[in-house]
Amino acid sequence: MRPLVVAALGCALTAGRVGGSEGPVGFSAGPKVAVGKDGVRIEFAASRATDVAVEILDAKGGTVRHLAAGVLGKNAPEPLGKGMAQSLVWDRKDDLGKDVPAGNYSVRVGLGLKPALGKIENFEPLNAGEVLGLAGLPGGGVCILNRGGYPDFLPRLIVLGRDGAYVRQIFPPPAGLEPEKSPGIRFFRRGDGCWVPILGEVMPRPKDSPPFCPMAAGGGSLAVVPFGASALRLFDTGTGALAAPVAADSLGQGRGKLSPRGLAMSPDGKWFYLTGIEADGRQIRALHAVYRLPSDGSVPLRPLAGDPGKPGKGETFFDTPIGLAADKDGNILVGDSGNDRVAVFSADGRFLRAVEVRSPVFVGAMPGGGFVALSAGAPPSPARTFPAGGARLLRFGADGRQLAGEDLKTPRGVGKLCATGLAVDASKDPAIVWLSLAGEAGETGAGALLRWECRGTGLAALDPIVTSYRRPQTKGPY
């Protein structure tokens, strides 16, 4: 076993002038190290009162012990002493109080410091709990919505890259967002004038609602409508600003209102397309129509195709439509689950064609024509969830011919899951298909993201991403 070797590494981090005209800070006596039976003694002296931090580093430069930190002077915190000259003892233990293994260690003494974010320990941004929905972003990647963890269960909108890595967060919004630019967020002002947003009202999730949330993107905006919520929410994907609620008088729970199950957005972001149900107390019925709404809410929500109260077959009728998607030309793909088909309509509601697909619950448009669809293992009910067990992801060409099919294989250790959304990232070749999953029972914290790469005419499964916030953390010492 190698002996414990400690060397002194002094660094005066002046970062400009500290203390006005006193000049830059430095060492009046450079750091010295002496190894003894009682531990490792570290001595140094600063030229004047200043911030100081003393750390013990391992051979790779990682900090194993934050030995002391504070402002030198008569009120210096322990274990620092009064005055500019310091004598500290390291007991050869790490920050958790455990003996460090034998090896090479060094001492770093910093003076004249200023705070700056280096890294965040013990933080896994993809430990996001249930993934309630997702949408492909025009610039690449996807945005997922999760319900968040204990204690507030506040939903989060998180952007992931094509590789599945965390990129940034849209909601909760950036701290520097001005309230005047985000009229969709209620707020109050503190006594010092700072604004405090009331975020819990932006995307509430009723406890008795199914665990999914329709989402869509277009024209630089992201549309989100929590199931059962009374309005559609429109975010700026660049700034996180939230527009005023849209269609608050048409969406929600109650007779004559639409509780959305599917949502699509035109490529230019000017139109929303919705499917859904009517939830009046315990009575729930499917609405057999596709609705259209301008993104500015200037025209009331109206059926574009189908008859809400009358299921049927043929070109102009639906039976329990669910999934929606818009292709690059603005045509609308409808997962007509009760009629076992994906129907395609023009932006103004003209029937174009239909492809036979067993119980499609989600659809996604592919670049160059064609689409992908999630075929449910059993015909879906009007209101509840879409179990992942028995479901298949199917890929179709522009001519309507099925090219590939894959059974869903959920990751181990996350329990029973249901599908909550499907998105296609077509920003680069090959396109990537994303599917979000959440616990069937709700309140479980379980979730996952499945991904496939569209290689040739097939579907190649990529590594799944487990998002359970109950999964042990993999970074940090805790």
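**Salt bridges and a strand trio**

Searching the whole structure turns up 15 salt bridges. Keep in mind that this is a predicted model. Below are three of those charged pairs, then a run of paired strands around β15, and finally a quick stop at Val-466.

**Charged pairs**

- Opposite charges on side chains can pair once the charged atoms come close.
- Asp-336 and Arg-341 make a salt bridge, with 2.8 Å between the closest N and O atoms. Asp-336 has a relative accessible area of 0%, so it counts as buried. Its partner Arg-341 is buried too, because its relative accessible area is 9%, and the cut-off for buried is under 20%.
- Glu-278 bridges to Arg-285, and here the closest N and O atoms sit 2.9 Å apart. The two ends have their own labels: Glu-278 is buried at 7% relative accessible area, while Arg-285 is partly exposed at 38%.
- Arg-41 pairs up with Asp-38, the closest N and O atoms being 3.8 Å apart. That still makes the list, because the limit for a salt bridge is within 4 Å. Arg-41 comes out as partly exposed at 32% relative accessibility. Asp-38 reaches 52% and therefore counts as exposed, since that label starts over 50%.

**Strands around β15**

- Strand β15 covers residues 221-224 and has both of its faces covered. Ser-221 and Ala-223 are buried on one side, and Leu-222 and Val-224 are buried on the other.
- On one pairing, β15 runs antiparallel to strand β14 (residues 215-218), with four bridges between them. Met-215 has Val-224 of β15 as its bridge partner.
- β14 and β15 make a hairpin, with two residues in between. Gly-219 sits in that turn and has a positive phi of about 60°.
- β15 also pairs with strand β16 (residues 233-236), again antiparallel and through four bridges. In that pairing, Val-224 stands opposite Arg-233 of β16.
- Val-224 therefore shows up in both pairings, with Met-215 of β14 as one partner and Arg-233 of β16 across from it in the other.

**Val-466**

- Val-466 belongs to strand β34, which spans residues 465-466.
- Its relative accessibility is 18%, so Val-466 counts as buried; the label applies under 20%.
- Leu-450 is 16 residues away from Val-466 in sequence, and the C-alpha to C-alpha distance between them is 8.8 Å.

Technical notes. Residues numbered from 1 in each chain as written. Predicted model: local features only at pLDDT ≥ 70, side-chain atom pairs only at ≥ 80, totals over all residues. Heavy atoms only, no water. Buried < 20%, exposed > 50% of the residue type's maximum accessible area, 1.4 Å probe, protein only. Salt bridge = Lys/Arg side-chain N within 4 Å of Asp/Glu carboxyl O.
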